[in-house]
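This report looks at charged side-chain contacts and at strand pairing, in that order. The sequence and the model are shown first.

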Amino acid sequence: MSPGAAGAVDPDSAAGIIVVAHPAVSVAEVSGADLKSLFLGKTTSWSDGSPARTAMLTDGPALDEFLKRYIKKAPSHFGLYWKKAVYTGTGTPPAEYRTEAELIDYVTRTPGAIGFVSTGADVDG
């Protein structure tokens, strides 16, 4: 994690994406498989037992790249996945934000939060 308002966990900065987490998240590294499990709601807590709170952008190139690279779903399929989970009561989708600044603010204020932004985003607040 890098220092700042939200710690950055960087599984693949070449992808144009930075994964950000609340500073209290004590995970030094998050793999692509970890991201997939978190953002599909299969993992809902960190290794210390604290709740994991996922956050994502509502649209844009960072969202498209994140879903393609780590979740292995098109945005429409990801949306359908979560609609089904909500309808059947089997999960809660990630919180959604229109801007990277809003997402970073949420991650900074929310213990256990993790999200992603483009590599050009100001993660240091």
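The structure, which is a predicted model, holds 2 salt bridges. They are set out below, with the helix that contains the two residues of each pair.

| Side chains | N to O distance | Helix |
|---|---|---|
| Arg69 and Glu65 | 3.0 Å | H2 (residues 61-71) |
| Asp105 and Arg109 | 2.9 Å | H4 (residues 100-109) |

In helix H2, Arg69 and Glu65 lie 4 residues apart, about one turn of the helix, and their side chains meet at 3.0 Å, N to O. Arg69 is partly exposed, with a relative accessible area of 33%, and Glu65 is likewise partly exposed, its relative accessible area being 21%. In helix H4, Asp105 and Arg109 are also 4 residues apart and thus separated by about one helical turn; here Asp105 is partly exposed at 39% relative accessibility, whereas Arg109, with a relative accessible area of 53%, is exposed, because a value over 50% counts as exposed. Side chains of opposite charge can pair when their charged atoms come close.

The strand pairing described here centres on strand S5 (residues 113-118), which is mostly covered, with 5 of its 6 residues buried. Strand S2 (residues 17-21) runs antiparallel to S5 and is joined to it by 5 bridges; within this pairing, Ile18 has Val117 of S5 as its bridge partner. Strand S3 (residues 53-57), by contrast, pairs with S5 in the parallel sense over 2 bridges, and in S5 it is Ala113 that stands opposite Arg53.

Conventions
Residues numbered from 1 in each chain as written. Predicted model: local features only at pLDDT ≥ 70, side-chain atom pairs only at ≥ 80, totals over all residues. Heavy atoms only, no water. Buried < 20%, exposed > 50% of the residue type's maximum accessible area, 1.4 Å probe, protein only. Pairing = 2+ DSSP bridges. Salt bridge = Lys/Arg side-chain N within 4 Å of Asp/Glu carboxyl O.
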